Amino acid sequence: MKKYVLDLTVKSVERLHERYVLVKLTDSNPLPEMLPGQFVEVRVDGSLSTFLRRPISINFVDYDRNELWLLVATIGEGTRRMGELKAGEVLNCMLPLGNGFRIQSGETALHTNGETALHTNGKAASHAHLLVGGGVGVAPLLYLGACLKREGVEPTFLLGARTKNDLLLLDEFRKYGRVLVTTEDGSEGERGFVTNHSVLQEERFGLIQCCGPTPMMKAVARYARQSHTECEVSLENLMACGLGACLCCVEKVRGDEDQPTNVCVCKEGPVFNINRLLWQD
C-alpha cells in the first residue's frame, strides 16, 4: 500500500478525559485508503524535547467528511502538545503504516445469519467477531468495527477500563455492534478485567481481535488458545520510524519451519496472529 507524507489540517480537538483527546484531521484532497489496525507517524512541531515522530493508531476514517480520527493519550511531551492543537493548525503525518487486522465479509465470517448454535460443551456459539480493547488500545477497534459492519459482520466489542470515567467513545462503538464493558472497580459493566467477563464463558466466537496493554493481550491470547479460537493482537512496541529502519520495535516471532526470527513490528505488524508470537512458550 502506498505511503504518504501529508500536512493535514486540524478540524477539531475534543477532550474526552483528563488523559485522552480525540483529534480530527482533514485535507483539501481526498484522504488515501487506510485499513483498520494501521497507524500514522506524527511529527510534533513546537516541542523542544520531541525529536522523533509519534506512532498513533488510526481510530476512525470518515470518508464522507474526509476526516481522520486519532485517539491520543496525552502522557508525554509530544502527545501533550498534540492535545493542545487548535482548529486550523497543521499536523504532518506519514500514513498509512503497517499491516492491519483481517477483514472478513458476511459470506466468509463464521456465523449463520446472526443465529446461535450450541456446541457439544453446552456453550452458545455466536460464530462472530469479538473485538477486545483496553485503555487507549480501544482506538483501532472503532474503525475495525465499522469496516466489519460494512461487510455484513456485526461484531461484539468487549472494552475494559479502570473506572467508568476511563471508558471512551462508547456511543460511537454502539453504532457498529454490541458493546460489553468491564471496569476494575465495578463502576460500569461487570467488575474485573476483560477476561473475567461472563460472555467468554457463555458464548463462543469465531475470531478474536485485540489491542491494549500487553498483559491484557497475553491473557486474551491464553483464553483464545484454550478455547481453540483464532486470535489477532495489535502489538504496541516502541515505533520510532514506522518503516523498519531504526529497529526500535523488533519482536521475536515464529518464522519459517517454526524457527524464531526477529521482525520489525512497524513493518510486519503491528497486527499478528497469536500463533506467530512466542508469548505462550
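How many bridges join strand 5 to strand 6, and do the two run parallel or antiparallel? I looked this up first in the predicted model. Three bridges join them, and strand 5 and strand 6 (residues 67-73) run antiparallel. Across this pair, I found Phe60 opposite Trp69 of strand 6.

**The sheet**

I then traced the whole sheet. It is open, with seven strands in the order 4-3-7-1-2-6-5 and antiparallel pairing. Strand 4 (54-57) and strand 5 (60-62) are its edges, each pairing on one side only. From one strand to the next, I read an average twist of 40°.

Next I asked which helix packs on this sheet. Helix 2 (residues 139-150) does, and I noted that it touches strand 4, strand 5 and strand 6. The directions of helix 2 and strand 5 make an angle of about 45°.

**Cavities**

I searched the whole structure for enclosed space. Two cavities of 30 Å³ or more came up.

The largest cavity has a volume of about 50 Å³. Among the residues lining it, I listed Gly135, Val138, Asp166 and Leu170. Strand 11 (residues 156-161) gives the largest share of this lining, three residues. By type, I counted six nonpolar residues, two polar and one charged.

The second largest cavity holds about 40 Å³. Its lining includes Leu130, Val132, Thr195, Ile208 and Tyr223. Two elements, strand 10 (129-134) and helix 5 (214-226), give two or more residues each to that lining. Here I found eight nonpolar residues, one polar and no charged.

**Pockets**

I turned to the open spaces. How much space lies in the largest pocket? I noted about 610 Å³. Its lining runs to 27 residues, and Pro55, Ile56, Ile75, Val136 and Glu236 lie nearest the centre. Strand 4, strand 6 and helix 1 (77-83) are the elements giving two or more residues to this lining. The largest share, four residues, is from strand 4, which is also an edge strand of the sheet. The lining divides into 15 nonpolar, eight polar and four charged residues.

For the second largest pocket I noted about 320 Å³. It is lined by 16 residues, and Gly134, Glu184, Phe193, Pro213 and Met216 are the closest to its centre. Strand 11 and helix 5 each supply at least two lining residues. I sorted this lining into seven nonpolar, five polar and four charged residues.

A last cross-check was on shared elements. Strand 11 appears in the lining of the largest cavity and in that of the second largest pocket.

Notes:
Residues numbered from 1 in each chain as written. Predicted model: local features only at pLDDT ≥ 70, side-chain atom pairs only at ≥ 80, totals over all residues. Heavy atoms only, no water. Pairing = 2+ DSSP bridges. Axes fitted to C-alpha atoms, helices over the stretch in contact; angles between N-to-C directions. Contact = heavy atoms within 4.5 Å. 1 Å grid on protein atoms, 1.4 Å probe; cavity = no way out; pocket = protein on both sides within 12 Å on 5 of 7 lines; lining within 4 Å. Points joined across faces, edges and corners; volume = space filled by probe spheres on them. Nonpolar A, V, L, I, M, F, W, Y, C, P; charged D, E, K, R; others polar.
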